[in-house]
Amino acid sequence: MKAAAGAGPGGGKETLATSFLRYILLLLLPLTVLYILYALHAILSTPSCPPDHGRIIATASFSHVTTHNHTSSTPPPPPATVTVLRATTPPPPATITALAKAPPLPPATVTVPTARTPPAPATVTVSMTSTTLQHVVFGIAASARLWEKRKEYIKIWWRPNSGMRGFVWLDRGVRESSVPAGLPAIKISSDTSGFPYTHRRGHRSAIRISRIISETFRLGLPGVRWYVMGDDDTVFLPDNLLAVLGRLDHRQPYYIGSPSESHLQNIFFSYGMAFGGGGFAISQPLAARLERMQDACIRRYPSLYGSDDRIQACMAELGVPLTRHSGFHQYDVYGDLLGLLAAHPVAPLVSLHHLDVVRPLFPNVRSRQAALRRLFDGPVMLDSAGVMQQSICYDAANRWTVSVAWGFVVMVARGVMPAREMEMPARTFLNWYRRADYKSHAFNTRPLARNQCEKPALYYLASARRTVVRSGETTVTKYQRWRHRNELRPPCRWNIPDPDALLDSIIVLKKPDPGLWDRSPMRNCCRVLSSPRKEGDRNKTMTIDVGVCNDWEFSQV
């Protein structure tokens, strides 16, 4: 009985454990089956190669799907090809080749555009006529008090018969008899007494002058691409101005000019400002923007000194920086421009300013206006692009260094001076504060002669003409020796002949090159064709040829 009684409870416990295990197995079995089915489904549902859906052609404007079914079992079906066509030219396609595992299928080739290589941009061709004088309008700032004197400068460069357009803006009217025919029309500036002006050393006329571009724009002249501002004592070279403006897109906002030659002036005003006396140009879209906001802009700057810094302040608000061009010349200097012009930058000469302050360009003329007429009636008319362009060469037989500023002056010095030094302006001028301080200029300078033997002999332009030779049309400019009154040549122990004793005149031959500035900036080359060899020669003339450098040419002895 005890044994039976004892077995009863033990057998009950075994039955309970078996039931619990059966329950666990029944619970895990469905889960295991589901996991196995899910894994098989995931494996079998992933194809080893893309299906054969034929050829799909898509365009940018519409989609057209064409399917070619291949029913043949042998030979195997061709590979599937996907070709995508775009409105723009697609980049080179990337080819992906995948090999099937099972069932065995031929390799599939998928042609798709690469994601990293963008499509080639569309080419836009814009037909635009070249800029002419009819596309430019000049605004000339003048005063009635100085009109009689300053109008003589305008007469020199203004071309009434070539379609030039522009206006002289005065502070008040002048007599009709004082406005000769052939000058720009006279306009009277509007009243600016309502604008605040607080600078203690300046003059309120700066506000009137700063509004000339806006007032000219409001005249509504048709076909204007550029508005050019200058003073009544600013002299422009119109063809060279067009060479500069013609290289720029007049449909974009441009503010073109140059800072001062004076470092101190640039520090006081701004290196990012176009000095108005040297002239500056504003494209038509920028002039339109300026006209809309300038009056409000001017009121925000009552403490500024002049007109050009007010223009620059408004340009800063418009977000348009100065596009510098070294052909615009403020010339905030005193004295002789010889050093600056004889080493002019490799850029077209666009403007000259402060001609009442400096000495006449040519020392052997009766007036400043007469000196300018010699320049304009000769070199500017014959080859405007080449005016003041420097060429450096050497007379090997005499061991001379020759520097030609075409249309202006030829300098001949004893010895061999490197081109690096000759292209640097010589200090023949003072700074704007009448001091001989070479550190006050915004460019490098050098002394005219580092020792007495290197003092150059100067030959200024005497005449200019055009002639025809076997090689075609050419210009002939003649330069005559000029000496200061009571000038004495310094003694020199060098065993090199003095050019002052051997040379009286220099002839320069040069072909006109109107496309000079269509190429990259580069100095012309000069070649000494003939020169006297010793004192006592009857022929005291040097002949030089100036022109585009050959590939093998450079400034050397």
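Which pattern do the disulfides of the protein follow, with bonded cysteines counted along the chain? In this predicted model, the pairing reads 1-2, 3-7, 4-5, 6-8 when the bonded cysteines are counted along the chain, and the count of disulfides comes to four. Three of these bonds are followed here.

One of them joins C297 to C314, with an S to S distance of 2.2 Å. This bond connects distant parts of the chain, since C297 belongs to helix α7 (residues 284-299) and C314 to helix α8 (residues 308-318), the two cysteines being 17 residues apart. Because the torsion about the S-S bond of C297 and C314 is about -115 degrees, this disulfide is left-handed. Both C297 and C314 are buried.

Another disulfide is formed by C453 and C492, whose sulfur atoms lie 2.0 Å apart. Here too distant parts of the chain are linked, with C453 in the loop between β19 (429-430) and β20 (457-469), and C492, 39 residues away, in the loop between β21 (472-482) and α12 (499-502). The torsion about the S-S bond of C453 and C492 is about 115 degrees, so the disulfide is right-handed. C453 has a relative accessible area of 6% and is therefore buried, whereas C492, at 22% relative accessibility, counts as partly exposed, the cut-off for buried being under 20%.

A further disulfide joins C525 to C549, with an S to S distance of 1.9 Å. It links strand β23 (residues 525-530), which holds C525, to the segment after β24 (541-547), where C549 is found, 24 residues apart. The torsion about the S-S bond of C525 and C549 is about 105 degrees, so this disulfide is right-handed, and both C525 and C549 are buried.

Notes
Residues numbered from 1 in each chain as written. Predicted model: local features only at pLDDT ≥ 70, side-chain atom pairs only at ≥ 80, totals over all residues. Heavy atoms only, no water. Disulfide = S-S within 2.5 Å. Helix = DSSP H or I, 4+ residues; strand = E, 2+ residues; numbered from the N terminus. Buried < 20%, exposed > 50% of the residue type's maximum accessible area, 1.4 Å probe, protein only.
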